[in-house]
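The following exercises are to be worked through with the sequence and the model at hand. Each task is followed by a stepwise solution.

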Amino acid sequence: MQLGYLLLLYLFPLMVELLTQKAAMLAFYLLTFAATIQAHNQLLQGSCNFESNTCGYTSDADFTSWTLHKDGRFVALDTAVSDDQDEMGTQREITGVLLSPALEQAEWSCLRLVYQITGSGSLEVSQRTEGKSFDRPLWSSQEPSDSWVISSMDLQGNTEPYRVVIEGKPGRSAGSSVAIFEIHIIPGYCLDCDFEESHLCGYSNQWNANVNWYVGGGGTQILHNNIPNDHTYNNRTGHLMYVDSVYTKTFKEVAKLVSPMTTVPMSGCLSFQYQRSAERGSLFSVFTKDRLGQYQELWRAGAENQSNWRGTLEEWIPVQVDLKAPYSVQVVFEVSFNSPRGGRVAIDDISFSPEFCSTDTEPTFDPSIANCDFESGFCRYIQDQVMLSSWRRVSVTPNIFRNGDHTTGAGYFLLAHSRLSPRFGYVSRLMGPTLPGNTKYCLRFYFSLRGYNQTDQALAVHLQHGSVQEKIWTQGEKSRGIWITTDITFQTSQPARVVFVSTCRSFYDCGSVALDDISVSLGDCELTAGLLSPSLPGNCNFEAGLCGYTQDRQSDGADWEWRRGPTPTSYTGPRGDHTTGLGYYLYMEASPMLPGQRVRLLSRPLRGSRGPQCLRFFYHMYGSGTGQLSVHLHRDGEDALLWQLSGEQSITWLRATVEYQSDSQHQIVFAATRGSSVRSDIAIDDVILEGGPCPELEIKATVGTSNEIE
């Protein structure tokens, strides 16, 4: 490594005192070099420091080539590599794809990337398994920096060969660039660290004016003396992290050592060694911190252990604590002092194991037991038999008058308070399975109301623990007869059930209440909604744009339009999207087009695969003059028809499933053709592309059940 880079990362957060003896400085550099050599002995295939070559990494020929710097040390993309400009004189977007050699790593490993985004740009890392058409996203960033930055990502064991794919896009402004300095792949988890490497395994100190974590050991001390032997080697040449109270001014000053963000769900045992001096003036805790900045305490050092302390930092105390992280988190080691005499706290040898610390620990709860789309029954939901009314499981044959279910458009959902019922003034209650306490959950479901004059009691959600009920949500406005999704984040201190309650006051106030696609996941809804994680290639719900899909403007008479809410023309088009009911979708506006004209939407280029692939999407074809919707496989300049449907189908969103196979690069094309009249709007939403065969066939409604709906 370059000396400047070592000093920048190694001597953090700030080393203000200088070594006074040349021999001490020389020893420091030699020890650092020895630690670096030892670390490199653990590097796995796919690691590269770009010293003089790219270590088998190659640029994808279909994109801009990465450039190895003339002096070595990094590869880069910048706006200067291309003079290509559009008709407005603006620099065209540059994309470079760097491919690792084929890797075979059956055990869990950690990839650490040292990179820099200058000006503007983006960097994405994904995992490409041989024979599969879609890459698995691992990490992405669009944050520029003035120096090199370290990012860590866990690589789960893979029995099949794979490649690491790094896609860089420098911004269009002058001086923008994306550069990669080092790629390290090491065995174990990204949370593991003995602090012997100069990059400190991606752990970072959250800067505070007076109290910070420092690197200790290495044979010499720059800031503080009397630092103990490290735990890894039990000598003065090993390294550890410590925080000292000597500069503390207020109790609110907290030193935080923050781990890399986990990139995959993890459950197991977090272990580390710590020391704390005899002074009783410090508080040492360990937390998890999610992407929303929410903290949850895992462990706190107790005063009962102080009798074992000897007044100096000479004895390491082992700690094991269970970690359950179904979503991305950072581990935060936090120390605060009440005075400058609060002593010191040191930690070393952080590690993670997929086995829980104790055999008595309950496994991570699987919240999917509370999921139900009602296609095969009530799942684990039960009805309160004491009540006078019940939820009924019904389906609707696709038609132009009544919406079907949300899952497929032709499947089953639950219905309460149909006006065909002779009774009123009753309550319908649907109870879910028991959920463990002391856990945060995200409840997501779809509902639809029709005919209610007042909606304050049309649908509500309660938590029931024992005989106590707590209302956590109520419907406040009409849904206009469309399916609307609701996300509810809740936490309960004891086991509880989710209860859906619908109240009918009188015949004139009541309408119908429909419920479908209930799902429960762990964590805050903002974390589990997928908004904070990268989307898979080819998948798109159109909430944030076209997701890489492009309009075929060369052969079309118009474009697909991005819209929210109903289309302008009456008696055609959807009243809302399929994803949330209140979001965006793509549609063909028939009014300005001539009969027979069409719009075409192309996916990004997709790699071929040896096996089948599954395309699923929702379409809306309502209107007396509806034309045609078709899906094509575009390859080698030609289109092959995969799926086609003509004429008016239903007022509801319907699901289409298409299984196909292509062993070479291709694109998926959605083509909509205008029909005989302006009532010919056609819409699509929620496109999903997956490798492998389609998991199920279309669900057909049972004949005769549509009469159950008023």
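A nonpolar core is a set of buried Ala, Val, Leu, Ile, Met, Phe, Trp, Tyr and Cys residues joined through side-chain atoms within 4.5 Å. The model examined here is a predicted one.

**Exercise 1.** Identify the residues with the most contacts inside the largest nonpolar core, and the elements that give two or more residues to this core.

*Solution.* Step 1: the largest nonpolar core comprises 35 residues, and Trp 213, Phe 284 and Phe 333 have the most contacts inside it. Step 2: the elements giving two or more residues to this core include strand 12 (213–217), strand 16 (282–290) and strand 19 (329–337). Step 3: beyond four places in sequence, the contacts of Phe 284 include Phe 272, Trp 299, Phe 333 and Ile 347. Step 4: a second, separate core has 31 residues, among them Ala 370, Ala 458, Leu 463 and Val 498.

**Exercise 2.** Determine where the second largest pocket lies with respect to domain 2 and domain 3.

*Solution.* Step 1: the space in this pocket is about 690 Å³. Step 2: its lining consists of 26 residues, of which Gln 296, Lys 324, Asn 438, Thr 439 and Lys 440 are the closest to its centre. Step 3: by class, ten lining residues are nonpolar, ten polar and six charged. Step 4: domain 2 (200–301 + 314–353) and domain 3 (367–527) both contribute to the lining, so the second largest pocket lies between them.

**Exercise 3.** Decide whether Thr 129 is buried or exposed.

*Solution.* Step 1: Thr 129 belongs to strand 6 (residues 121–129). Step 2: buried means under 20% relative accessible area. Step 3: Thr 129 has 11% relative accessibility and therefore counts as buried.

Note on methods:
Residues numbered from 1 in each chain as written. Predicted model: local features only at pLDDT ≥ 70, side-chain atom pairs only at ≥ 80, totals over all residues. Heavy atoms only, no water. Helix = DSSP H or I, 4+ residues; strand = E, 2+ residues; numbered from the N terminus. Buried < 20%, exposed > 50% of the residue type's maximum accessible area, 1.4 Å probe, protein only. Contact = heavy atoms within 4.5 Å. 1 Å grid on protein atoms, 1.4 Å probe; cavity = no way out; pocket = protein on both sides within 12 Å on 5 of 7 lines; lining within 4 Å. Points joined across faces, edges and corners; volume = space filled by probe spheres on them. Nonpolar A, V, L, I, M, F, W, Y, C, P; charged D, E, K, R; others polar. Domains from an automatic or database assignment.
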